[in-house]
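The following paragraphs lead the reader through a single protein chain, from its overall order to individual residues. Please keep the sequence and the model in view while reading.

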Amino acid sequence: MSASPMVLIFLGPPGAGKGTQAVRLAADLGLVKISTGDILRDHVARDTELGRKAGPIMERGELVPDDLILAIIREELAAMPEVRAIFDGFPRTSGQAEALDALLAELGAPVNAALLLEVPEDELVRRMLKRAELEGRADDNETTIRRRLEVYHQQTRPLVDYYDARGVLKRIDGLGDPGQIYCRIRGAL
Ligand code: ADP
């Protein structure tokens with residue numbers, strides 16, 4: 001069976017459930033999940049040069065510079081014989097989105113869909129504080145959560161219009177249990 005290129009993007013604020021949904025979607029559609037947050041946390045844990053640069057930025061809830069993120073993405077895409085990917089937490093700035101488009105154009109694999117998980121802000125905060133108890137992520141504390149939400153609105157939210165203008169945006173209600181939300185996503189695709 002030959003698979004054709006497929007690229008999905010998860011948009012949406014921190015705590016929206018992008019990672020959870022991306023895992024399931026990747027398994028069912030045979031896609032590689034590329035989570036820049038997970039890759040960065042792995043670098044921090046291994047104390048690499050990138051990890052030492054990114055760690056303090058992540059702890060403040062700010063964005064890691066585009067050039068560092070794009071180096072990660074280029075490496076991930078280069079490792080794929082055929083582009084079948086779901087991006088979780090990337091792109092997060094217009095610079096990243098434009099660079100992704102250029103990379104994908106070279107590879108002949110345009111973005112098929114950008115999935116926007118919509119969740120009200122008080123629910124996002126509640127989920128992240130709960131995750132803090134379960135996973136102990138350094139950036140899941142109230143101050144950093146507020147900053148991450150601000151950064152989302154300033155730098156990432158404009159990408160909703162970017163993908164809408166390209167006709168690939170799918171808005172998904174992100175409230176409910178994960179199975180229900182997954183059904184909505186499959187219905188939208
Ligand atoms: P969340 O969606 O809950 O914020 P992530 O794991 O996606 O969690 O991101 C955690 C942190 O990693 C971000 O706050 C940011 O510092 C950094 N990061 C992850 N992805 C990117 C990206 N594409 N561009 C810049 N920084 C990123």
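**Order of the elements**

Read from the start of the sequence, the elements of the protein chain follow the order β-α-β-α-α-α-β-α-β-α-α-α-β-α. The chain thus holds 9 helices and 5 strands. Helices (H or I, at least four residues) and strands (E, at least two residues) are DSSP runs, and they are numbered from the N terminus.

Some conventions apply throughout. The model is predicted, so that local features need pLDDT of at least 70 and side-chain atom pairs count only at pLDDT 80 or more, whereas totals for chains, interfaces and linings use all residues. Residues are numbered from 1 along each chain as its sequence is written, and side-chain values use heavy atoms, with hydrogens and water left out.

**The chain as a whole**

How does the radius of gyration of the protein chain agree with that of a compact globule? For 189 residues such a globule would have a value near 16 Å, and the chain has 16 Å, which agrees. The radius is taken over C-alpha atoms, and the globule rule is 2.2 Å times the number of residues to the power 0.38. Along the principal axes, the C-alpha trace spans about 45 × 40 × 30 Å.

Of the 189 residues, 48% count as buried. Here buried means under 20% relative accessible area, exposed means over 50%, and partly exposed lies in between (1.4 Å probe, protein chains only). The chain exposes about 9,400 Å², of which carbon and sulfur atoms supply 51%; accessible areas come from the Shrake-Rupley method with a 1.4 Å probe, and for residues only the protein chains shown count as cover.

Contact means heavy atoms within 4.5 Å. Among contacts between residues at least 6 apart in sequence, 72% join residues at least 24 apart.

The chain carries 25 positive and 30 negative side chains, and the centres of the two sets lie 2 Å apart. Lys and Arg count as positive and Asp and Glu as negative, while His and the chain ends are not counted. Each charge is placed at NZ of Lys, CZ of Arg, CG of Asp or CD of Glu.

**The paired strands**

Two strands pair if DSSP finds at least two bridges between them. Strand β1 comprises residues 6–11 and pairs with β4 in the parallel sense over 4 bridges. Strand β1 also runs parallel to strand β3 (residues 84–88), to which 5 bridges join it. Ile9 illustrates both pairings: this residue stands opposite Phe87 in β3, and its bridge partner in β4 is Ala114. Further along, Leu11 has Leu116 of β4 as its bridge partner.

On to β4, whose residues are 113–118. This strand is joined by 5 bridges to strand β5 (residues 169–173), and the two run parallel. Within β5, Asp173 stands opposite Glu118.

Are these strands covered or open? In β1, 5 of the 6 residues are buried, so the strand is largely enclosed by the rest of the structure. Strand β4 is mostly covered, with 5 of its 6 residues buried.

**Two buried residues**

Leu8 lies in β1 and counts as buried, at 0% relative accessibility. Its C-alpha atom is 6.3 Å from that of Phe87, although the two residues are 79 apart in sequence. Leaving aside neighbours within four places in sequence, the contacts of Leu8 include Leu25, Leu29, Leu31, Asn112 and Leu189.

Ile34 belongs to strand β2 (residues 32–35) and is likewise buried, with a relative accessible area of 0%. Ile34 and Ala85 are 51 residues apart in sequence and 6.8 Å apart in space, C-alpha to C-alpha. Not counting residues up to four places away in sequence, Ile34 touches, among others, Ile39, Ile73, Met80 and Phe87.

**Loops and a helix**

Which peptide bond is cis? The bond from Phe90 to Pro91 is cis, with omega near -5°. Pro91 sits in the loop between β3 and α5 (94–107).

Another loop, between α2 (36–46) and α3 (49–60), contains Asp47. Phi of Asp47 is near 55°, a positive value in a residue other than glycine. Asp47 counts as partly exposed, at 45% relative accessibility.

Finally, Arg146 is found in helix α7 (residues 142–156). With 41% relative accessibility, Arg146 counts as partly exposed. The C-alpha atoms of Arg146 and Ala45 are separated by 24 Å, and the two residues are 101 apart along the chain.
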